[in-house]
Amino acid sequence: MLRIGLTGGIGAGKSEVSRQLAARGAVIVDSDVIAREVVAAGTPGLAAVAAGFGPGVLLPDGTLDRPALGRVVFADPVRLAELNAIVHPLVRARSAELEAAAGPDAIVVHDVPLLAENGLAPLYDLVVVIDVPDAERLRRLVELRGMAEDEARARMAAQASREERLAIADLVLDNSGDLEQLTDRVDGLWRELERRRS
């Protein structure tokens, strides 16, 4: 098994890279997807979040109000750390279960947005950083995701800097171009991962 940590700042294109790697045969363990699972309605994770942040982070149907929670934590590093202390252990446990089910010859790609922030690089055989200049990430968040510029900047500021991510990279995948360029670069990355698995 080859264990990859895949990361990049918000707006870097991790989801597309993960999708393309999955199409080539990688087993994807997506921390964002798992983070949603562990705070789904009726879970101990959601109960812990509601206890820590109050009923204002719940919708009337009892599910998590993600925008409301985001407004609290992305503006306050202390509150973000409190949320991470609840969610991250649950995500790690579920990720370990999924990896164990992948099989000994798998290339397992852990899609981990906060890999640099949480010092997780030593957990993986290789760290792949998707790199995009900050100005381009901001443009994507505002133009493609419809975020207000101040919200986009706050979310970017809550994450590691570009330099901090690049400092932990074993391999860097440039995603500052178009989809065709990205696909070519993912092809090259996949060949390199298969070579290293052998």
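In this predicted model, strand β3 (residues 107-111) is a good place to start: 5 of its 5 residues are buried, so the strand is largely enclosed by the rest of the structure. Ile107, Val109 and Asp111 point one way from β3, while Val108 and His110 point the other way, and all of them are buried.

β3 belongs to an open sheet of 5 strands, laid out in the order β2-β3-β1-β4-β5 with parallel pairing. At the edges sit β2 (27-30) and β5 (171-174), each of which pairs on one side only. From one strand to the next, the twist averages 25°. Strands of a sheet pair through backbone hydrogen bonds, and they can do so in a parallel or an antiparallel way.

Going through the pairings, β2 and β3 run parallel and are joined by 4 bridges; Asp30 has Asp111 as its bridge partner in β3. On to β1, which pairs with β3 in the parallel sense over 5 bridges. Strand β1 (residues 2-7) also pairs with strand β4 (residues 126-131), again in the parallel sense, this time over 4 bridges. Ile4 turns up in both of these pairings: its bridge partner in β3 is Val109, and its bridge partner in β4 is Leu126.

Ile4 is also worth following into the packing. Leaving out residues up to four places away in sequence, Ile4 touches Ile107, Val108, Val109, His110, Tyr124, Leu126, Val128 and Leu193. The largest nonpolar core has 20 residues, and Ile4, Val17, Leu21 and Leu193 are the ones that touch the most other members. At least two residues of this core come from each of β1, α1, β3, β4, β5 and α9 (179-197). Helix α9 gives the most, with 5 residues. There is a second, separate core of 18 residues, which includes Val29, Leu64, Leu83 and Val91.

Leu64 comes up again in the surroundings of Val39. This valine is found in the loop between α2 (31-37) and α3 (44-53). What does Val39 contact, beyond its neighbours within four places in sequence? The list runs to Gly45, Leu46, Val49, Leu64, Arg66 and Val87. With a relative accessible area of 6%, Val39 falls under the 20% limit and so counts as buried. Leu90 lies 51 residues away from Val39 along the chain, yet the C-alpha atoms of the two are separated by 9.2 Å.

Turning to the annotated positions, an unreviewed UniProt entry lists Gly11, Ala12, Gly13, Lys14, Ser15 and Glu16 under "binding site". Lys14 is found in helix α1 (residues 14-23), and Ser15 lies in that helix too. Are these two residues buried or exposed? Lys14 is buried, because its relative accessible area is 10%, which is under 20%. Ser15 is exposed, because its value of 57% is over 50%.

Lys14 has a fair list of partners: not counting residues up to four places away in sequence, it touches Leu6, Thr7, Gly8, Gly9, Asp111, Pro113 and Ile130. Asp111 is the β3 residue already met as the bridge partner of Asp30. One of the partners of Lys14 is also reached through a polar atom pair, as the side chain of Lys14 comes to 3.2 Å from the backbone oxygen of Gly8.

How values were computed: Residues are numbered from 1 along each chain as its sequence is written. This is a predicted model: local features need pLDDT of at least 70, side-chain atom pairs count only at pLDDT 80 or more; totals for chains, interfaces and linings use all residues. Side-chain values use heavy atoms; hydrogens and water are left out. Buried means under 20% relative accessible area, exposed over 50%, partly exposed in between (1.4 Å probe, protein chains only). Contact means heavy atoms within 4.5 Å. Two strands pair if DSSP finds at least two bridges between them. Axes are lines fitted to C-alpha atoms, for helices over the stretch in contact, and angles run from 0 to 180 degrees between N-to-C directions. UniProt positions are given in the numbering used here, feature names are shortened, and annotations may be inferred rather than shown by experiment. A polar contact is a pair of N or O atoms within 3.5 Å; within protein, one must be able to donate a hydrogen and the other to accept it, and residues adjacent in sequence count only if both atoms are side-chain atoms. A nonpolar core is a set of buried Ala, Val, Leu, Ile, Met, Phe, Trp, Tyr and Cys residues joined through side-chain atoms within 4.5 Å.
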